[in-house]
Amino acid sequence: MKLCMVGTGYVGLVTGACFADMGNEVWCVDVDEVKVRNLKAAILPIYEPGLRELVEKNLKEGRLRFAADIKYGIEDALFCFITVGTPSCEDGTADLSHIFTVARTIGQCMNQYLIVVIKSTIPVGTTEQVRDIISQELKARAMDDVRFDVVSNPEFLKEGAAVEDFMRPDRVVIGTENVGTAELMKQLYQPFVRNQNPILIMDTKSAEMTKYAANVMLAARISFMNEIAQLCDTVGGDIANIRMGISTDHRIGGQFLNAGTGYGGSCFPKDVKELIHIGRKNGLEMAIATAVHKVNERQKQYLVDMIRKRFGEKLSGMRFAVWGLAFKPQTDDMREAPSLVIVQSLINMGATIIAFDPQAIKEAQQVFKSYADHIQYVGDMMEAVNDADALVLITDWQQFRQPDFSDMKTRMHQLVVFDGRNQYEFEEMKQYGFEYYCIGRNCWEK
Ligand SMILES: NC(=O)c1ccc[n+]([C@@H]2O[C@H](COP(=O)([O-])OP(=O)(O)OC[C@H]3O[C@@H](n4cnc5c(N)ncnc54)[C@H](O)[C@@H]3O)[C@@H](O)[C@H]2O)c1
């Protein structure tokens, strides 16, 4: 089948490459001409395990192509996926301008039957609005006899495991009221659900809302554990034990129960804010989502509060090694990463930062451009701790799990570790002579 992806970011590129790998002919389109030029040469704008290999293979075999102009992609295509960003506006509402621009362009270019599939995360009712925009554009061209359908097909992949998630989804959600369209969508996704995982057909509004419900539920689990962790630090108890104690209850399960520095990324923060907004707009206070957001904002400051408690308000002349800048491991994405809050706060208190991240340094150099005089980036985790007054671990990349503590001891100026991801054991840290601070494990008492 011939497919077109409009928007070649995390979701569009992964979706395009995975569909191409199943034998489809895929065009990935993007307004960013530099991105398109690079992708034609298999130079990827993002880091995602397995993606480079998939893009290289399918480019070489001629199933995956890139263009800046939608007309190449849409010609003869049966499906046109919309995979552009829906970032938060200042007031927390979803900015749908990219979605509507693409809808207009599709209406101006399509010449034959087309199924428009919205993969971006969109508030309830957006699929309907896209349908109206395309209809108006076709009418303006006196082509209102050309048939089309618009489907909501939210994406659930996780950055860091995006290819794996897309290739083996827990479920595929398809929102359409049209039986024929549902059948074609099922055919398209069949190669991905050979393990019998379900393709769920539902009405478009339910599909749109399913995505928000899923993300806010996951964010709620994180915020809940972070709140319990802060309580443990106040009244006692160890969040690691509590996590084990509740995750073994099969009704609760073990996912998304790690306390840490708060959630970040391009999805949870924006989707929580958008759900709050949808409620407000419709006269319903989304009390849980509001609390989830509030707890997360507080949690991003928690490690900074600990550092302040240990070293005071003024950090001038002090060097802080930072391990991990991406919002989570296996990605270079820094959108809404807790490191943004932590690093900026430390710099504002006068500290110098020596930062290491296995993938996100290029991204960090952009993001922290205005702080360039206060941050040095190094290519090795051990180099970062040289002469440091403290180590601050923000992202739990696997390589930070078992560092050579003896080596670290000889390099650091003061043996202080602030661990935002609970990677180490108190006893071991004590044996090496480190002062060890972490989340929800009552470290001030130990
Ligand atoms: N990133 C994730 O993990 C993830 C997971 C599930 C769902 N989503 C949702 O998927 C959507 C896309 O997210 P993303 O992270 O891939 O975004 P992204 O910012 O990485 O990519 C969006 C791309 O769209 C392009 N674009 C913007 N306007 C365009 C236009 N008019 N024509 C063509 N291209 C255009 C941009 O240049 C960019 O390359 C969002 O709604 C997001 O919430 C994201």
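The following questions and answers concern a predicted model.

Student: Into which domains is the chain divided?
Tutor: The assignment gives three ranges along the chain. They are domain 1 (2-202), domain 2 (212-298) and domain 3 (301-445).

Student: How many residues of domain 2 are in contact with domain 3?
Tutor: Taken over C-alpha atoms, the centres of domain 2 and domain 3 are separated by 23 Å. On the domain 3 side, 19 residues take part in the contact. On the domain 2 side, the number is 19.

Student: Which element gives the largest share of the side of domain 2 that touches domain 3?
Tutor: Two elements give two or more residues to this side, α9 (204-235) and α10 (239-247). By class, the side has 7 nonpolar, 9 polar and 3 charged residues. The largest share, 5 residues, comes from α9.

Student: Which elements give two or more residues to the shell around the ligand?
Tutor: The ligand is surrounded by 26 residues, and the closest are Gly7, Gly9, Val11, Ser120 and Thr121. Two or more residues of the shell come from each of α1 (10-21) and α5 (97-109).

Student: How many residues of the shell around the ligand are charged?
Tutor: The shell divides into three classes. Of its residues, 9 are nonpolar and 12 are polar. The charged ones number 5.

Student: Are the residues of strand β7 buried or exposed?
Tutor: In a regular strand, side chains alternate between the two faces of the sheet. In β7 (residues 172-175), Val172 and Ile174 lie on one side, and Val173 and Gly175 on the other. Both faces are covered, and these four residues are all buried.

Student: Which residue in β8 is the bridge partner of Ile174?
Tutor: β7 and β8 run parallel and are joined by 4 bridges. Together with α8, the two strands make a right-handed β-α-β unit. The bridge partner of Ile174 in β8 is Ile201.

Student: Is Ala142 buried or exposed?
Tutor: Ala142 lies in the loop between α6 (126-140) and β6 (148-152). Its phi is positive, about 55 degrees, although Ala142 is not a glycine. Most residues other than glycine have a negative phi. Because 7 other C-beta atoms lie within 10 Å of Ala142, the residue counts as exposed.

Student: Where does Gln196 lie, and what is its phi near?
Tutor: Gln196 is in the loop between α8 (179-189) and β8 (199-202). With 5 other C-beta atoms within 10 Å, Gln196 is exposed. Its phi is positive, in a residue other than glycine, and is near 75 degrees.

Definitions and conventions. Residues are numbered from 1 along each chain as its sequence is written. This is a predicted model: local features need pLDDT of at least 70, side-chain atom pairs count only at pLDDT 80 or more; totals for chains, interfaces and linings use all residues. A residue is buried if 20 or more other C-beta atoms lie within 10 Å of its own, exposed if 12 or fewer, and partly exposed in between; C-beta atoms are placed from the backbone. A residue is near a molecule or strand if its C-beta atom, placed from the backbone, lies within 6 Å of it. Ala, Val, Leu, Ile, Met, Phe, Trp, Tyr, Cys and Pro count as nonpolar, Asp, Glu, Lys and Arg as charged, and the others, Gly among them, as polar. Two strands pair if DSSP finds at least two bridges between them. A crossover is right-handed if, with the strands pointing away from the viewer, the path from the first strand over the helix to the second runs clockwise. Domain bounds come from an automatic or database domain assignment. Two residues are in contact if their C-beta atoms, placed from the backbone, lie within 7 Å.
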